[in-house]
Amino acid sequence: MTAQILDGKTLAATIKKEIKQQISAIMAEKSEEKSEEKSAEKSAVPCIAVVQVGNDPASSVYIAQKEKACLEVGMQFRKVALPADTTLQALLAQINSLNNDNTVDGFIVQFPLPSHFSQKDVSVILAAVSPKKDIDCLHPHNIGLIMDGTANFLPCTPGGIVRLLQHYDIPIAGKHCVIIGRSRIVGKPMGILMLNQHATVTYCHSKTTNITEICQQADILISAAGVPRLVTANMIKPGSVLVDVGINRIEPNNPANRKICGDIDFDECAKKAAYITKVPGGVGPMTVVMLMVNTLQARSIV
């Protein structure tokens, strides 16, 4: 058995074409408007903003990827760069400014933040973003809507994964989905979305004592642990679906060997699974494109 690749890169390219067409339609509609009052309500071109505090190298790479994707579809991209010593009050002021800026349809605060921001600060920051512009879907209000199954938009990585599975007609209802990881960005909302699709969900994390036995029961295994090659072939069920969210840099301090690998041992697990994502080229492109999907959705919220 050789697993079929779940090609997020190709699907993301298809979605980008759809987004580009939508943006062209928006621009055409705006050009026909005669009222200056109406045109001031929204920018002529949909706009994403990203707030970066400090200059974390990995974050800068991710932001550059988002900017490139926006330019490809004709969407405006605005980077708000703040110094590493920015205070909580200054960051909240910037967030409030974006909340009230009609030329910005949606925005995110790029994580991680510098070390002087506490976990309590992070919660305050996430709650400060307007739910209508929260295209990362991390505001408590939007998380509640996800729980209720009535969210205006979905968290980018989990939403992208669901869309990828649906694109390949992979059944979710009634399947046992095991998620490795419990972060607020991926793990926790991923489980909610799979429950909303009628899967049976089990979470594994650093305190799970029988992770191998649990993973062996998974019809769909999603790993977002950030541990290189954590999932090995002996941990998976034959014919299972494997989704790898991990992006791990092997020997990051060695310029000659800065390789990237996922949480799943691809070469060995691909021999046993039915479907599998690659790293890179699987979940990553879907995460970026879902940010733009959410921005267009945010634009329509009154």
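**Figure 1. Helix α7 in a predicted model, a helix that is mostly covered.** Of the twelve residues in α7, nine are buried, and these are Cys156, Thr157, Pro158, Gly159, Gly160, Ile161, Val162, Leu164 and Leu165. The helix covers residues 156–167, and at 1.5 Å a residue its twelve residues should span 16 Å, which agrees with the 16 Å that separates its end C-alpha atoms. After α7 comes aspartate 169, a residue whose phi is positive, near 55 degrees.

**Figure 2. Cysteine 137 and cysteine 156, two cysteines without a disulfide bond between them.** A search of the whole structure for disulfides finds zero. Cysteine 137 is in no disulfide, and the nearest cysteine sulfur to its own belongs to cysteine 156, 8.2 Å away. Seen from cysteine 156, the closest cysteine sulfur is likewise that of cysteine 137, and the 8.2 Å between them is too far for a bond, because a disulfide requires the two sulfur atoms to lie within 2.5 Å. Cysteine 137 counts as buried because its relative accessibility is 2%, and cysteine 156, with a relative accessible area of 4%, is buried as well; the cut-off for buried is under 20%. Cysteine 156 also appears in the view of helix α7, where it is one of the buried residues.

**Figure 3. The open sheet of six strands, with parallel pairing.** The order of the strands in this sheet is β1-β11-β8-β7-β5-β6. At the edges stand β1 (4–5) and β6 (200–204), and each has a single partner strand, so one side of each is left without a neighbour in the sheet. Strands of a sheet pair through backbone hydrogen bonds, and the pairing may be either parallel or antiparallel.

**Figure 4. Strand β7 and its pairing with β5 and with β8.** Strand β5, residues 176–180, runs parallel to β7 and is joined to it by four bridges. Within this pair, cysteine 177 stands opposite isoleucine 220 in β7, while valine 178 stands opposite leucine 221. Strand β8, residues 241–244, also runs parallel to β7, and four bridges join these two strands; here valine 243 in β8 is the bridge partner of isoleucine 222. In a regular strand the side chains alternate between the two faces of the sheet. In β7, which covers residues 220–223, Ile220 and Ile222 point one way and Leu221 and Ser223 point the other way, and all of them are buried.

**Figure 5. The largest cavity and the residues that line it.** The structure holds one cavity of 30 Å³ or more, and the space in the largest cavity is about 60 Å³. Its lining is made up of Phe107, Ile108, Val109, Phe111, Ile125, Leu126, Val129, Asp134 and Asp136. Two elements, β4 (106–109) and α5 (119–128), give two or more residues to this lining, and β4 gives the most, with three residues. Sorted by class, the lining has seven nonpolar residues and two charged residues, but no polar ones.

Technical notes:
Residues are numbered from 1 along each chain as its sequence is written. This is a predicted model: local features need pLDDT of at least 70, side-chain atom pairs count only at pLDDT 80 or more; totals for chains, interfaces and linings use all residues. Side-chain values use heavy atoms; hydrogens and water are left out. On a 1 Å grid over the protein atoms alone, a cavity is a set of points where a 1.4 Å probe fits but cannot get out, and a pocket is an open set with protein on both sides within 12 Å along at least five of seven lines; lining residues have an atom within 4 Å of a point. Grid points are joined across faces, edges and corners, and a volume is the space filled by probe spheres set on the points. Ala, Val, Leu, Ile, Met, Phe, Trp, Tyr, Cys and Pro count as nonpolar, Asp, Glu, Lys and Arg as charged, and the others, Gly among them, as polar. The expected span of a helix is 1.5 Å times one less than its number of residues. Buried means under 20% relative accessible area, exposed over 50%, partly exposed in between (1.4 Å probe, protein chains only). Two strands pair if DSSP finds at least two bridges between them.
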